[in-house]
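Biologist: I am new to this structure and would like one part of it examined closely, before being led outward to the rest. Could you take me through the metal site, its surroundings, and then the charged pairs and a buried helix elsewhere in the chain?

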Amino acid sequence: MTQGKKETKKITETKGNAQYTKKSLLIKQVIGIFYKEGLKTIAELCEITNNSVPSLTSIMAELSEKGLVKNFGIGASKGGRKPTLYGLNPEAGYVVGIELSRKYTRVGLFNLHNEPIATISETLEGLNTNNNIFQGLKKQCDTLLKDNHIEESKVLGYGITIPGLIDIRKGISYSYPQFEDKPIKEKFAEIFDKPVFIEHDTKAMAVGESWFGLAKNKSNVLFINIGSGIGIGIIINGELYHGNSGFCGEFGHIPMNPDGELCYCGKIGCLETIASGTALVKKSQERISKGKNTIITRNVNNNIDKIKLKTIIDAAQSGDLFAIELLEEAGEYLAKGISILIHLFNPETIIIGGEMADAGNLITDPIQQKLNKYTMLRLKQDTSLKLSELKEKAGLMGTLPMVVHNVFELNQENGSLLI
Ligand SMILES: [Zn+2]
């Protein structure tokens, strides 16, 4: 994304204009169209790119020869001979998507049609549980490639999502000392032989939703990631917004209660101290200790240290009043925060994702209800609130266009999301 954009710019500067011949631009455009829209006939490509049949026929032959494009058989006829369909060869290259989380690491392997070619590999090694995740991560990726008989030479790049504060201008993480104040990419370049692209976790989820989920073909969307923390990914006019230095979207740290609890960020009463998964777990533990009756106690065998957000959601879904009320309480504060977002951004859609999305209507109903209370009617009517359908896949899927766009140096001229 941003690092990639910088990289692209550098290449342009060093190689001069030679690489941007009319033909090379058309090739990029065609790759972008195939990647975003799937199979096309030469006639369709001529229409979209405003180029001639001989130019496109020659490019199809050249890209087919290289193995990047494939003939997918015969399409529907619009009268006359049935045309041949072309598209990217799904096996021409692979993307490894990596979600580095605080407590786990998930790795997915995808082909050029954005299809997963293996079950997502997950380890319980994360940025907070291991001070040196690099060698373990390398092993996890190598195993996934080996198990699926893919050589690293076929990998186009690695797309990595990371939580916390990332300065996109310097590429530096301010949340995890294991990157040693070096640009994050440099640390990964030491272990991988292919290009590495980094994005903040919630922003990558927003990109995933924008390409493959409920935000597809929508221009102004907010994605709210509610898990142990709370963050937002902002899509404005079809583009991912990073803010001045990449720190935008820290929704969880807006002040909500001046008399509230100390947040780990150093401020008092942040939304995260009231409505995040971490906050709900803490509240449930405190209230159970004071004698509240709930099936959660039985579900964790009386060991309240074992309570997780999932424990609370499961209990609520089985009808436990205590758990339902905890979610309602979170919903009220989330609605206060979301109403601020609606008034500021006037989004078409707000997508709730992250682990909290598993609560379904038990979290969206209280939010909707309180939005009626806190949001101007006209603005609220224009915004739909939805639960992510990509769920835990959103972040990994978001890495795919990031890698493909950067590797092929595609740009907005293709009608694709500029990221
Ligand atoms: Zn805070």
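Modeller: What follows starts at the metal site, moves to a residue in contact with one of its ligands, and then turns to other parts of the chain. Please keep in mind throughout that this is a predicted model.

The zinc ion is held by four residues, namely His253 through its ND1 atom and Cys263, Cys265 and Cys270 through their SG atoms, with distances of 2.0 to 2.3 Å. The angles among these four donor atoms run from 105 to 122°, and the site is therefore classed as tetrahedral, since that class asks for all angles to lie between 85 and 135 degrees. Along the chain, the donors follow the spacing H-x9-C-x1-C-x4-C. Two of the cysteines can be set side by side in terms of accessibility: Cys263 counts as buried because its relative accessibility is 4%, whereas Cys265, at 35%, counts as partly exposed.

One of the ligands, His253, is also among the residues touched by Glu272, and this glutamate deserves a careful look. Glu272 lies in helix α8, which covers residues 272–275. Glu272 is buried and yet has no salt bridge, for the nearest side chain of opposite charge, that of Arg102, is 6.1 Å away. A salt bridge would require a nitrogen and a carboxyl oxygen within 4 Å of each other. Glu272 does have polar partners, however: a polar atom of its side chain lies 3.0 Å from the backbone nitrogen of Ile230, and its side chain makes a polar contact of 3.2 Å with the side chain of Tyr264. When residues up to four places away in sequence are set aside, Glu272 touches Ser228, Gly229, Ile230, Gly252, His253, Tyr264 and Ala279.

Charged pairs are found elsewhere, and the count of salt bridges in the model comes to 16. In general, side chains of opposite charge can pair when their charged atoms come close. One of these pairs joins Lys138 to Asp142, with the closest N and O atoms 3.5 Å apart. Because Lys138 and Asp142 are four residues apart in helix α5 (residues 134–147), about one helical turn separates them. Lys138 counts as buried at 18% relative accessibility, while Asp142 counts as partly exposed at 31%.

A similar arrangement can be followed in helix α11, where Lys310 forms a salt bridge with Asp314 and the closest N and O atoms are 2.9 Å apart. Here too the two residues are separated by about one helical turn, because they are four residues apart in α11, which runs over residues 309–317. Asp314 counts as partly exposed, at 35% relative accessibility.

Another pair has its partners in two helices: the side chains of Glu332 and Lys370 meet in a salt bridge of 3.7 Å, N to O. This pair links distant parts of the chain, with Glu332 in helix α12 (residues 321–345) and Lys370 in helix α13 (residues 361–374), 38 residues apart. Glu332 counts as partly exposed at 21% relative accessibility, and Lys370 is partly exposed with a relative accessible area of 23%. In addition, Lys23, Glu62 and Lys66 are linked in a network of salt bridges.

Returning to helix α11, we can look at its buried residues, which are Leu309, Thr311, Ile312, Ile313, Ala315 and Ala316. The buried residues of α11 pack against α9 (277–289), α10 (295–299), α12 and α13. One of them, Ala315, counts as buried at 0% relative accessibility. Leaving aside its neighbours within four places in sequence, Ala315 is in contact with Ile295, Ile296, Asp320 and Ala323. After α11 comes Gly319, whose phi is positive, near 95°.

A last stop is Asn111, which is found in strand β5 (residues 105–111) and is buried, with a relative accessible area of 8%. A polar atom of the Asn111 side chain lies 2.8 Å from the backbone nitrogen of His113, and the side chain of Asn111 also makes a polar contact of 2.8 Å with the side chain of Glu115. Not counting residues up to four places away in sequence, Asn111 touches Pro90, Gly93, Tyr94 and Ile117.

Notes: Residues numbered from 1 in each chain as written. Predicted model: local features only at pLDDT ≥ 70, side-chain atom pairs only at ≥ 80, totals over all residues. Heavy atoms only, no water. Donors = N, O, S within 2.8 Å, 3.2 Å for Na, K, Ca; no water. Tetrahedral: all angles 85-135°; square planar, octahedral: opposite > 155°, others 65-115°. Buried < 20%, exposed > 50% of the residue type's maximum accessible area, 1.4 Å probe, protein only. Lys, Arg positive; Asp, Glu negative; His and termini not counted. Polar contact = N/O pair within 3.5 Å; in protein donor to acceptor, adjacent residues only side chain to side chain. Contact = heavy atoms within 4.5 Å.
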